[in-house]
Amino acid sequence: MNQIVRVQTIDGQVVTGRILGSDRGLLYMGVQNHHGAGRAFGSSDEAILTLVLFELLVIVLLS
């Protein structure tokens, strides 16, 4: 939790953000650049992006 990671999904989407948590097969990430991300919600500078864990190909720890 609270680690900065880069995630690649099986469909090729790459997202960089901070892990906020996980629950029942979902990964919640705080992301800065969320324009166009249909799964992002929130009104602050850091939107929350919800990703399905079984759709993730790679999670890389960045720091």
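**Figure 1. Overview of the predicted chain, which reads β-β-β-β-β-β along its sequence.** The secondary structure comes to zero helices and six strands, where helices (H or I, at least four residues) and strands (E, at least two) are DSSP runs numbered from the N terminus. This is a predicted model, in which local features need pLDDT of at least 70 and side-chain atom pairs count only at pLDDT 80 or more, whereas totals for chains, interfaces and linings use all residues. Residues are numbered from 1 along each chain as its sequence is written, and side-chain values use heavy atoms, with hydrogens and water left out. Of the 63 residues in the protein chain, 25% are buried; buried means under 20% relative accessible area, exposed means over 50%, and partly exposed lies in between (1.4 Å probe, protein chains only). The chain exposes about 4,200 Å², of which carbon and sulfur atoms supply 54%, with accessible areas taken from the Shrake-Rupley method with a 1.4 Å probe and, for residues, only the protein chains shown counting as cover. Among contacts (heavy atoms within 4.5 Å) between residues at least 6 apart in sequence, 38% join residues at least 24 apart.

**Figure 2. Close-up of the hairpin formed by strands S1 and S2.** The two strands run antiparallel and are joined by five bridges, two strands being taken as paired if DSSP finds at least two bridges between them. One of the residue pairs to look for is Arg6 with its bridge partner Thr16 in S2. Four residues lie between the strands of this hairpin, and Gly12 takes a positive phi near 95 degrees. In the segment before S1 lies Asn2, which has a positive phi of about 60 degrees although it is not a glycine.

**Figure 3. Close-up of the hairpin formed by strands S2 and S3.** Here too the strands run antiparallel, with five bridges joining S2 to S3, and the bridge partner of Gly21 in S3 is Tyr28. Two residues lie between the strands, and Arg24 in the turn has a positive phi of about 50 degrees. Most residues other than glycine have a negative phi. Arg24, in the loop between S2 and S3, is not a glycine, and at 81% relative accessibility it counts as exposed.

**Figure 4. Close-up of the largest nonpolar core, a set of eleven residues.** Its members are Val5, Val7, Val15, Ile19, Leu27, Met29, Val31, Ala47, Leu49, Leu51 and Leu56. Strand S1 (4-9), strand S2 (14-23), strand S3 (26-31) and strand S5 (47-52) each supply at least two residues of this core. A nonpolar core is defined as a set of buried Ala, Val, Leu, Ile, Met, Phe, Trp, Tyr and Cys residues joined through side-chain atoms within 4.5 Å.

**Figure 5. Close-up of Thr9 and its surroundings in strand S1.** Thr9 is buried, with a relative accessible area of 4%. Not counting residues up to four places away in sequence, Thr9 touches Glu55, Leu56 and Leu57. Although Thr9 and Glu55 are 46 residues apart in sequence, their C-alpha atoms are 5.6 Å apart in space.

**Figure 6. Close-up of Glu46 in the loop between strand S4 (40-41) and S5.** Glu46 is partly exposed, with a relative accessible area of 23%, and it touches Arg18, Gly30, Val31 and Gln32 when residues up to four places away in sequence are not counted. The C-alpha atoms of Glu46 and Gly17, which are 29 residues apart along the chain, are separated by 9.1 Å.

**Figure 7. Close-up of a nonpolar patch on the surface.** The patch is formed by Ile4, Ile10, Leu57, Val58, Val60 and Leu62, which together have about 490 Å² of accessible area. Patches are made of residues with over 30% relative accessible area and no salt bridge, like charges being joined within 9 Å and nonpolar side chains (Val, Leu, Ile, Met, Phe, Trp, Tyr) within 5 Å; a salt bridge is a side-chain nitrogen of Lys or Arg within 4 Å of a carboxyl oxygen of Asp or Glu. Strand S6 (residues 56-61) gives the most to this patch, with three residues. Leu57 has its place in strand S6 and is exposed, with a relative accessible area of 55%.
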